[in-house]
Amino acid sequence: MSDEESTEHYTLLCDDPSHEVVLVDCGPRELDVVRAVRKVTGLSLWHSRVLARQAPVTLLEGLSAYGAQSAVAVLQSAGARAEWRQEPESGERTAPSS
């Protein structure tokens, strides 16, 4: 193999794990929270309302810590209870308890 034919491939690993944003409770200001859900997810107003009423629900996944914190701040300023957490590794997900 000549130098022109050799190709090196690298896999980059990110030190910052993915985070998810969970809407825990809509709170008393549902319309404000629906608008906030729409703002952070980019979904339609109807889909945002459906998600807000399904709380607790995961709204966003695969975010950086900063992105997750920012989304939670928007939701909390609208009156929602929301939290961000590190996503579990692919093998760490557990089945829902019955």
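**Figure 1. Pro56 and the cis peptide bond.** Pro56 is found in the loop between α2 and β2. The model shown here, as in every view below, is predicted. Look at the bond that leads into Pro56 from Ala55. This peptide bond is cis. Its omega is near 5°. The helix before the loop, α2, covers residues 45-53. The strand after the loop, β2, covers residues 57-63.

**Figure 2. The order of the elements along the protein chain.** The protein chain has three helices and three strands. In what order do the elements run from the N terminus on? The order is β-α-α-β-α-β. The chain holds 98 residues, and buried residues make up 28% of them. Now take the contacts with a separation of 6 or more. Of these, 73% are between residues 24 or more positions apart.

**Figure 3. Helix α1 against helix α3.** Helix α1 spans residues 30-41, and helix α3 spans residues 65-77. Two packed helices are described by the angle between their axes and the distance between the axes. Here the axes come within 8 Å and cross at roughly 160°. An angle over 145 degrees counts as roughly antiparallel, so α1 is roughly antiparallel to α3. The crossing of α1 and α3 is right-handed. Which residues of α1 meet α3? They are Ala36, Val37, Lys39 and Val40. Their partners in α3 are Ala71, Val74 and Leu75. By class, this contact of α1 with α3 has six nonpolar residues, one charged residue and no polar ones.

**Figure 4. The largest nonpolar core.** This core has 20 residues. Those with the most contacts inside the core are Val21, Leu23, Val33, Val37, Leu59, Leu60 and Leu75. Five elements give two or more residues each: β1, α1, α2, β2 and α3. Which element gives the largest share? That is α1, with five residues. Val37 and Leu75 also take part in the meeting of α1 with α3.

**Figure 5. The contacts of Leu59.** Leu59 is among the residues with the most contacts inside the largest nonpolar core. Set aside the neighbours within four places in sequence. Leu59 is then in contact with Val21, Leu23, Val37, Thr41, Leu51 and Leu75. Of these partners, Val21, Leu23, Val37 and Leu75 are also on the list of core residues with the most contacts.

**Figure 6. His19 in strand β1.** His19 lies in strand β1, which covers residues 19-25. Is His19 buried or exposed? His19 counts as buried because its relative accessibility is 6%, and the cut-off for buried is under 20%. What does His19 touch beyond its neighbours within four places in sequence? One run of partners is Leu60, Glu61, Gly62, Leu63, Ser64 and Ala65. Ala68 is a partner too. Another run is Trp84, Arg85, Gln86 and Glu87.

**Figure 7. Leu31 and Trp46, on two helices.** Leu31 sits in helix α1. At 48% relative accessibility, Leu31 counts as partly exposed. Between the C-alpha atoms of Leu31 and Ala52 the distance is 9.3 Å, and the two are 21 residues apart in sequence. Trp46 is in helix α2. At 51% relative accessibility, Trp46 counts as exposed, because the cut-off for exposed is over 50%. Trp46 and Val34 are 12 residues apart in sequence. Their C-alpha atoms are 8.7 Å apart in space.

Note on methods. Residues numbered from 1 in each chain as written. Predicted model: local features only at pLDDT ≥ 70, side-chain atom pairs only at ≥ 80, totals over all residues. Heavy atoms only, no water. Axes fitted to C-alpha atoms, helices over the stretch in contact; angles between N-to-C directions. Helix = DSSP H or I, 4+ residues; strand = E, 2+ residues; numbered from the N terminus. Parallel < 35°, antiparallel > 145°, perpendicular 65-115°, else oblique. Left-handed = near helix turned anticlockwise from the far one by under 90°. Contact = heavy atoms within 4.5 Å. Nonpolar A, V, L, I, M, F, W, Y, C, P; charged D, E, K, R; others polar. Buried < 20%, exposed > 50% of the residue type's maximum accessible area, 1.4 Å probe, protein only. Core = buried A, V, L, I, M, F, W, Y, C linked by side-chain atoms within 4.5 Å.
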